[in-house]
Amino acid sequence: MKRILAALAVTLALTLSCTAQPSKKADAKKAAAVAQRAAAPKSGDLLDINSATVDQLKALPGIGDAYSAKIIKGRPYKAKNELVQKDILPPGVYDKIRDLIIARQK
């Protein structure tokens, strides 16, 4: 009987410890969202997609060599949402950067 009670106590303790802690994946998502909001640029800090360098574009989340090359090749842009309209970027990638960019007119 003591062994059964001890086994139940251990099982209960393990179950409670697993459910009491939030998942690391959920914590990472929350931390990333908070960091992104905190790092949101001011209007003067927006990256102009009509004049940005390859390295500046690659610094944006989700933008690598291929997307930065496509952005540069598709210039000039009248509006930043043309990145999706012209099939330069998929909507998911655009959603990550739309608050970080601007399409200034010369």
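## Fold and secondary structure

The protein chain carries 6 helices and 2 strands. The model is predicted. From the N terminus onward, the elements run α-α-β-α-α-α-α-β. Two helices therefore precede strand 1, as numbering runs from the N terminus.

Contacts between residues at least 6 apart in sequence show how the chain comes together. Of these, 48% join residues at least 24 apart.

## Burial and surface

The protein chain has 106 residues, and 21% of them count as buried. The exposed area comes to about 7800 Å². Carbon and sulfur atoms supply 62% of that area.

## Nonpolar core

The largest nonpolar core holds 16 residues. I63, I71, L83, L89 and I101 have the most contacts inside this core. Helix 6, spanning residues 91–97, gives the most to the core: 3 residues.

I101 offers a view of the packing. Leaving aside residues up to four places away in sequence, I101 touches L46, L47, I49, L60, K80, L83 and Y94. One of these partners, L83, is also among the residues with the most contacts inside the core.

## D48: a buried acid

D48 sits in strand 1, which covers residues 47–48. D48 is buried yet has no salt bridge. The nearest side chain of opposite charge belongs to R104, 4.7 Å away. A salt bridge needs a separation within 4 Å, so the R104 side chain does not qualify.

The backbone of R104 is another matter. The D48 side chain reaches the backbone nitrogen of R104 at 3.1 Å. Beyond residues up to four places away in sequence, D48 touches I102, A103 and R104.

## Q56: a partly exposed helix residue

Q56 belongs to helix 3, residues 54–58. Its relative accessible area is 38%, so Q56 counts as partly exposed. That value falls between the 20% limit for buried and the 50% limit for exposed.

A polar atom of the Q56 side chain lies 2.8 Å from the backbone nitrogen of T53. Not counting residues up to four places away in sequence, Q56 touches L47 and S51. L47 is also listed among the contacts of I101. Q56 and S68 stand 12 residues apart along the chain, and their C-alpha atoms are separated by 8.9 Å.

Note on methods:
Residues numbered from 1 in each chain as written. Predicted model: local features only at pLDDT ≥ 70, side-chain atom pairs only at ≥ 80, totals over all residues. Heavy atoms only, no water. Core = buried A, V, L, I, M, F, W, Y, C linked by side-chain atoms within 4.5 Å. Buried < 20%, exposed > 50% of the residue type's maximum accessible area, 1.4 Å probe, protein only. Helix = DSSP H or I, 4+ residues; strand = E, 2+ residues; numbered from the N terminus. Contact = heavy atoms within 4.5 Å. Areas by Shrake-Rupley, 256 points an atom, 1.4 Å probe, with all protein chains shown as cover. Lys, Arg positive; Asp, Glu negative; His and termini not counted. Polar contact = N/O pair within 3.5 Å; in protein donor to acceptor, adjacent residues only side chain to side chain.
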